[in-house]
Amino acid sequence: SLPIQLHTHYTSGVASMTYMKAVEAGCDIIDCAMSPLALGTSQPATEVMVETFRGTPYDSGLDQNLLAEIAEYFRPYREECLKNGLLNPKVLGVNIKTLMYQVPGGMLSNLVSQLKEAGAEDKFEAVLEEVPRVRKDFGEPPLVTPSSQIVGTQAVLNVLQGERYKMVTKESKKILSGEFGQTIKPFDPEVQKKCIGDVTPITCRPADLIEPQLPKFREECKQWIQQEEDVLSYALFPQVATDFFKYRQAQQTGVDVTKADAATKAYPV
């Protein structure tokens, strides 16, 4: 069977308890962070979870003395990050309102960063209150990437502009146009009209409107294909994949095509 791995953030203050109950229910792997860089929008501390399960059937067997050495190594880095602003104290503590605002840890740190860049950190609470309203307007999409960033950015704009949906991101318009698929609940019709105007929303599966592209990608990269995954790599990252294919060929044949003169078909020897 596939192992179950759980990832969560500490913003709401209940992550350690969530991990404990998850492990007791059969979870195999939990994501943690060393104590200097744990808690807040990060993960529960590794040392705490190790101690929690010590002497139980879920004992990790990790040495707390060695973990303490690792923690000491990262402690100066934490102080450095606090001084240069990479770590913001605003997101290091517990905020139980996270459960009401439905803002995940990664999204929360992104909101703080956006407000800091705009010189509007004092609008933090107002943005948190706006997030669930925007989410409701958008049909309550799940707050995971990319929809969490779309909802969060729109909430920031609504607060900073002083008028809701005065400025609308192209990603928000795509959600309201149905380009990301059907949401759990319908969009707010007034918000949808204000944001996309007379554009006819997509009501079918968006991918059905796209011409099949795999045959084209397969034809374009056919000289490099050694396995089916190569076609997918090329479809997602054509330039990066092509560079890799050339490197792979050079390693396999001893001939580096990147050094060849394509025009004259000459190769330096």
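Start by selecting Phe237: this residue is exposed, with a relative accessible area of 52%. You're looking at a predicted model, by the way. Phe237 sits in the loop between helix H11 (228-236) and helix H12 (238-253). Now add Leu232, Leu236 and Val240 to the selection, and you have a nonpolar patch on the surface. Together with Phe237, these residues offer about 440 Å² of accessible area.

Stay in this part of the chain and click on Thr242, which belongs to helix H12. Buried or exposed? Thr242 counts as buried, because its relative accessibility is 15% and the cut-off for buried is under 20%. To see what is around Thr242, show Trp224 and Tyr234: these are its contacts once neighbours within four places in sequence are set aside.

Next, head for the inside. The largest nonpolar core has 29 residues, and Val103, Val127, Val131 and Phe138 touch the most other members. Color helix H5 (105-117), H6, H7, helix H8 (170-176) and helix H9 (189-196), since each of these helices supplies at least two residues of this core. Then pick Val131 and bring up its surroundings. Which residues does Val131 touch, not counting those up to four places away in sequence? The list runs Tyr101, Val103, Met107, Leu111, Leu143, Val151 and Ala155.

Now go to Asp137, which lies in helix H6. Asp137 is buried too, with a relative accessible area of just 8%. Leave out the neighbours within four places in sequence, and Asp137 is in contact with Arg164, Tyr165, Leu176, Phe187, Asp188 and Val191. Show those side chains as sticks and have a look around.

From there, step into the loop between H6 and H7, where you'll find Glu140. Have a look at its backbone: phi of Glu140 is near 55°, a positive value in a residue other than glycine. Why stop for that? Because most residues other than glycine have a negative phi. As for its surroundings, Glu140 counts as partly exposed, at 24% relative accessibility.

Keep going to Pro146, in the loop between helix H6 (124-137) and helix H7 (147-161). Zoom in on the link from Thr145 to Pro146: this is a cis peptide bond, with omega at about 5°. Most peptide bonds are trans, so this one is worth a pause.

For another positive phi, jump to Leu39, where the value is near 70° and the residue is again not glycine. Leu39 is placed in the loop between strand E2 (29-30) and helix H2 (46-52). Like Glu140, Leu39 falls into the partly exposed class; for Leu39 the relative accessible area is 36%.

Last stop: the cysteines. How many disulfides does a search of the whole structure find? The search comes back with zero. Select Cys81 and Cys32 to get a feel for that: the sulfur of Cys32 is the nearest cysteine sulfur to Cys81, and the two are 20 Å away from each other. A disulfide calls for sulfur atoms within 2.5 Å, so Cys81 is in none. Cys81 is buried, with a relative accessible area of 2%. Finish with Cys204, which counts as partly exposed at 37% relative accessibility.

Technical notes
Residues numbered from 1 in each chain as written. Predicted model: local features only at pLDDT ≥ 70, side-chain atom pairs only at ≥ 80, totals over all residues. Heavy atoms only, no water. Helix = DSSP H or I, 4+ residues; strand = E, 2+ residues; numbered from the N terminus. Buried < 20%, exposed > 50% of the residue type's maximum accessible area, 1.4 Å probe, protein only. Patch = residues over 30% accessible without salt bridge, like charges linked within 9 Å, V, L, I, M, F, W, Y side chains within 5 Å. Areas by Shrake-Rupley, 256 points an atom, 1.4 Å probe, with all protein chains shown as cover. Salt bridge = Lys/Arg side-chain N within 4 Å of Asp/Glu carboxyl O. Contact = heavy atoms within 4.5 Å. Core = buried A, V, L, I, M, F, W, Y, C linked by side-chain atoms within 4.5 Å.
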